[in-house]
Amino acid sequence: MRGTLTGQRYVDDILRPHVGPFLNGLPWAIFQQDNARPHTARVAQDFLRHYQTLPWPARSPDLSPVEQCWIN
């Protein structure tokens with residue numbers, strides 16, 4: 001992908017054409033992303049409100065809650 005990934009580009013180029021259809025095919029799926037700016041943009045959050053998401057914990061860039069439960 002060339003250029004800067006904005007929240008709108010993230011929705012238009014990644015979420016809407018790829019992630020949305022994939023998650024629609026897996027109604028039990030939970031989507032998780034990190035706290036990168038395009039991921040936390042209002043337009044991206046508005047799109048994802050239709051799907052179940054798992055928040056990325058603050059101050060934990062290297063471990064997701066799923067990984068933590070396996071480690072503990």
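Hi everyone, this is a short tour of one helix and two buried residues in a predicted model.

Let's start with helix α1, which covers residues 7-24. If its 18 residues formed a straight helix, we would expect a span of 26 Å, yet the end C-alpha atoms of α1 are only 21 Å apart. Where does α1 bend? Look at leucine 15: the helix turns there by about 55°. Within four residues after that point comes a proline, proline 17.

Now, which residues of α1 are buried? They are Gly7, Tyr10, Val11, Leu15, Val19, Gly20 and Leu23. The cover over them includes β1 (31-32), α2 (37-40) and α3 (42-48).

Let's zoom in on one of these, valine 11. Valine 11 has a relative accessibility of 1%, so it counts as buried. Setting aside neighbours within four places in sequence, its contacts are Arg16, Pro17, Val43, Ala44 and Phe47. Here is a nice one to find on the screen: valine 11 and glutamine 45 sit 34 residues apart in the sequence, while their C-alpha atoms are 9.4 Å apart in space.

Next, please find histidine 39, over in helix α2. Is histidine 39 buried or exposed? Its relative accessible area is 16%, and the cut-off for buried is under 20%, so histidine 39 is buried. Its side chain makes a polar contact of 2.7 Å with the side chain of aspartate 34. Beyond the neighbours within four places in sequence, histidine 39 touches Tyr10, Gln33, Asp34, Ala44 and Gln45. And Tyr10 takes us back to where we began, among the buried residues of α1.

Thanks for listening!

Notes: Residues numbered from 1 in each chain as written. Predicted model: local features only at pLDDT ≥ 70, side-chain atom pairs only at ≥ 80, totals over all residues. Heavy atoms only, no water. Helix = DSSP H or I, 4+ residues; strand = E, 2+ residues; numbered from the N terminus. Expected span 1.5 Å × (residues − 1). Bend = angle between axes of the 7 residues up to and from the residue. Buried < 20%, exposed > 50% of the residue type's maximum accessible area, 1.4 Å probe, protein only. Contact = heavy atoms within 4.5 Å. Polar contact = N/O pair within 3.5 Å; in protein donor to acceptor, adjacent residues only side chain to side chain.
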